[in-house]
Structure formats: structure tokens, C-alpha cells
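Hi there,

Here is the structure I promised to pass on. Have a look at it first, and then read on for what turned up.

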Amino acid sequence: MKNPMLAKNPFMSAWLSAANQIAAPARSQMMSEMSKAQTQMMQDWQKAWMKMWFPWVSK
């Protein structure tokens, strides 16, 4: 006897496919913004430490 909970559901498959198509661009944009923020944070951090340890170096 087959378990009905393991049967394939075409409606669920279509719904999840549509949800993934919508979520993919949002995830891509979020990852891009996170990368930009991380790069900026590292640059700010490096400038702050250089200014603290080597104030005579103009950067």
C-alpha cells in the first residue's frame, strides 16, 4: 500500500516553482548589496586602523 503523503502534487510543484522564480532575483539583489556593504565596511575599518596606528601616513 502506497503512502498518500509521498505522492507527487503537481499544484505544489507549480507553486514552488513560481515562488523560486520570484525569490531568485530578490536573493541576488540582497547578496549584491551585502557584498557592497561588506567591502565598504572593510575599507572603513582599514582606514580607521591606519589612522590610529600611523597618523603620519596620509590616506
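**The tryptophans in the helix**

W45 and W49 sit four residues apart, about one turn, and both belong to helix α1, which covers residues 10–53. Before going further, please keep in mind that this is a predicted model.

How exposed are these two side chains? W45 is partly exposed, with a relative accessibility of 48%. W49 is partly exposed as well, at 38%.

The next tryptophan along is worth a look too. W49 and W53 are again four residues apart in α1, or about one helical turn. Their ring centres are 6.3 Å apart and the planes meet at 10°, so this pair counts as stacked. W53 itself is exposed, because its relative accessibility of 55% is over the 50% cut-off.

In total, there are three aromatic pairs in the model. One of them is W45 with W49, a tilted pair with 6.1 Å between the centres and 55° between the planes. The angle explains the label: tilted pairs are those that are neither under 30 degrees, as stacked ones are, nor over 60, as edge-to-face ones are. Taken together, ring pairs join W45, W49 and W53 into a cluster.

**The helix itself**

What does the secondary structure consist of? The protein has one helix and zero strands. Its radius of gyration is 24 Å, whereas the globule rule gives 10 Å for 59 residues, so the protein is more spread out than a compact globule. The C-alpha trace spans about 80 × 25 × 5 Å along its principal axes.

The length of α1 can be checked as well. With 44 residues at 1.5 Å each, α1 should span 64 Å, and the 63 Å between its end C-alpha atoms agrees with that. Along the way, α1 has a kink of about 25° at A23, shortly before the proline P25. At the N-terminal end, N9 acts as the cap of α1, with a side-chain oxygen 3.1 Å from the backbone nitrogen of F11.

**The surface**

How much of the protein is buried? Buried residues account for 0% of the 59 residues. The exposed area comes to about 6200 Å², and carbon and sulfur atoms supply 66% of it.

If you open the model, I would begin with the W45, W49 and W53 cluster and then follow α1 back to the kink at A23.

Best wishes

Note on methods: Residues numbered from 1 in each chain as written. Predicted model: local features only at pLDDT ≥ 70, side-chain atom pairs only at ≥ 80, totals over all residues. Heavy atoms only, no water. Helix = DSSP H or I, 4+ residues; strand = E, 2+ residues; numbered from the N terminus. Rg over C-alpha atoms; globule rule 2.2 N^0.38 Å. Buried < 20%, exposed > 50% of the residue type's maximum accessible area, 1.4 Å probe, protein only. Areas by Shrake-Rupley, 256 points an atom, 1.4 Å probe, with all protein chains shown as cover. Phe/Tyr/Trp six-rings, centres within 6.5 Å; stacked < 30°, edge-to-face > 60°. Expected span 1.5 Å × (residues − 1). Bend = angle between axes of the 7 residues up to and from the residue. Polar contact = N/O pair within 3.5 Å; in protein donor to acceptor, adjacent residues only side chain to side chain.
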